[in-house]
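Hi everyone, thanks for making time for this. I'd like to walk you through a structure, so please get your viewers ready.

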Amino acid sequence: VHKGCGYATLALVAARVVWGFIGSGHARFASFVPTPRTLAAYLRALVRGREPHSLGHNPAGAVMILFLLGAVAAIGVSGWMLTLDAFWGNDIVETVHTQAVDLSLLAVALHVLANVLASVRHRENLIASMVTGCKPVTTSSRPQDDLSQTQVYLSLPPGSTFNDTHAAAEAARVIVARNPQVKMVYTAIGGGAAGSDPFAPRGAS
C-alpha cells in the first residue's frame, strides 16, 4: 500500500507539472509563478495588510505550490530509491525521505491555514475554490473608491489561439455574472482600439 501510494503520488505530481504547461488559464505556471521582485513586493504589502487581491494564485501561494510539488516529488523519488539495492539502508536517502515528509506536512498545514485566513480577509471560500476550480468574484476584487464599474483583464500566455482567448473570456464572463451585484457584463477580445467600450463617455475615442 505504501509503495502504491508513493507511485500514485508521483503520477499526480507529474500530471500537475504537465498541466502547468498545457492547462487552462490560472492553472498554467506562466500565469502565476512570480519573479523574486514580485514576490518581495507582495510580501511587503502583506505585512502592511495591503496585499492585492488575486483571481488566481497570489505570489506567496504560488511559491507554496512549487515547494509542495518539489517536496512531494522528493518524497516519491527518495522512497523509490530506497527500494533499490544500491540505496537500500542509505542514511542520506532515508534522511531526505523523512525530512521531506515532515516539511510537507508542515507546509500543508501552513497552506491550509493561510487559505482560511485569506478566505476570511477577502470574504471568499478559497477551500471550495481549490476543490471546484472556480473562484467567485467578490467586492474585494473591485476598486474600493468606485464600485459602479469594474474592468477585469485577462492575459494569456504567448502562443494562445483565438479559441483559447475566447474560451477564457467566456469562462471569466460566467464567473463574473454569478455575482448578484453585477447587472451587466461586457466582454471584448483584443487590445487598444480593437473594440469600443460601451461605458466610455459619448464622443470619447
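I'll start with the whole chain, then go through some helices, the core and the aromatic rings.

One thing to keep in mind from the start: this is a predicted model. The protein chain has seven helices and zero strands, so to speak a plain run of α-α-α-α-α-α-α when you read along the sequence. Of its 205 residues, 22% count as buried. The accessible surface comes to about 14,300 Å², and 64% of that surface belongs to carbon and sulfur atoms. As for how the chain folds back on itself, take the contacts between residues at least 6 apart in sequence: 49% of them join residues at least 24 apart.

Let's go to helix 4, residues 59-81. Helix 4 has 23 residues and spans 33 Å from its first C-alpha to its last, close to the 33 Å expected at 1.5 Å a residue. At its start, asparagine 58 places a side-chain oxygen within 3.1 Å of the backbone nitrogen of alanine 60. Which residues of helix 4 are buried? Here is the list: Pro59, Gly61, Ala62, Met64, Ile65, Leu68, Leu69, Ala71, Ile75, Gly76, Ser78 and Met81. The cover over these buried residues includes helix 1, helix 2, helix 3 and helix 5.

Some of those names come back in the core. The largest nonpolar core has six residues, namely Val13, Phe29, Phe32, Ala62, Ile65 and Leu69. Two elements, helix 2 (29-32) and helix 4, give two or more residues to this core. Helix 4 provides the largest share, three residues.

Stay with phenylalanine 32 for a moment. Setting aside neighbours within four places in sequence, phenylalanine 32 is in contact with Arg16, His26, Ala27, His57, Ala62 and Ile65. Two of these partners, Ala62 and Ile65, are listed in the core as well.

Now the rings. How many aromatic pairs does the structure hold? There are two aromatic pairs. In one of them, the ring centres of phenylalanine 21 and phenylalanine 29 are 5.3 Å apart and the planes meet at 75 degrees, so this pair is edge-to-face. Ring pairs link Phe21, Phe29 and Phe32 into a cluster. Are the two partners of that edge-to-face pair buried or exposed? Phenylalanine 21 counts as exposed because its relative accessibility is 57%, while phenylalanine 29 is buried, with a relative accessible area of 12%.

Next, please find helix 1, residues 2-22, and look at how it sits beside helix 4. Cysteine 5 lies in helix 1, and at 46% relative accessibility cysteine 5 counts as partly exposed. The C-alpha atoms of cysteine 5 and glycine 76 are separated by 9.0 Å, although their positions lie 71 residues apart along the chain. Glycine 6 is found in helix 1 too, and is partly exposed at a relative accessible area of 25%. From glycine 6 to valine 77, the C-alpha distance is 8.5 Å, again with 71 residues of separation in sequence.

On to helix 5, residues 91-122. Helix 5 has 32 residues and reaches 46 Å from its first C-alpha to its last, close to the 46 Å expected at 1.5 Å a residue. Asparagine 90 caps its N-terminal end, with a side-chain oxygen 2.9 Å from the backbone nitrogen of isoleucine 92. Just after the other end, arginine 123 takes a positive phi of about 55 degrees.

The buried residues of helix 5 are Val93, His97, Ala100, Ser104, Ala107, His111, Asn115, Ala118, Ser119 and His122. Why might a list of buried positions step along a helix like that? An α-helix has 3.6 residues a turn, so residues three or four places apart point the same way. In helix 5, the buried residues pack against helix 1, helix 4 and helix 6 (126-132).

One of these is asparagine 115, which counts as buried because its relative accessibility is 11%. Beyond its neighbours within four places in sequence, asparagine 115 is in contact with Leu126, Ile127 and Met130.

Last stop, helix 3, residues 36-47. Helix 3 has twelve residues and reaches 17 Å from first to last C-alpha, close to the 16 Å expected at 1.5 Å a residue. Glycine 49 follows helix 3 and has a positive phi, near 75 degrees.

That's my tour, and I'm glad to take questions.

How values were computed. Residues are numbered from 1 along each chain as its sequence is written. This is a predicted model: local features need pLDDT of at least 70, side-chain atom pairs count only at pLDDT 80 or more; totals for chains, interfaces and linings use all residues. Side-chain values use heavy atoms; hydrogens and water are left out. Helices (H or I, at least four residues) and strands (E, at least two) are DSSP runs, numbered from the N terminus. The expected span of a helix is 1.5 Å times one less than its number of residues. Buried means under 20% relative accessible area, exposed over 50%, partly exposed in between (1.4 Å probe, protein chains only). Contact means heavy atoms within 4.5 Å. A polar contact is a pair of N or O atoms within 3.5 Å; within protein, one must be able to donate a hydrogen and the other to accept it, and residues adjacent in sequence count only if both atoms are side-chain atoms. Rings of Phe, Tyr and Trp (its six-membered ring) pair if their centres lie within 6.5 Å; planes under 30 degrees apart count as stacked, over 60 as edge-to-face and the rest as tilted. Accessible areas come from the Shrake-Rupley method with a 1.4 Å probe; for residues, only the protein chains shown count as cover. A nonpolar core is a set of buried Ala, Val, Leu, Ile, Met, Phe, Trp, Tyr and Cys residues joined through side-chain atoms within 4.5 Å.
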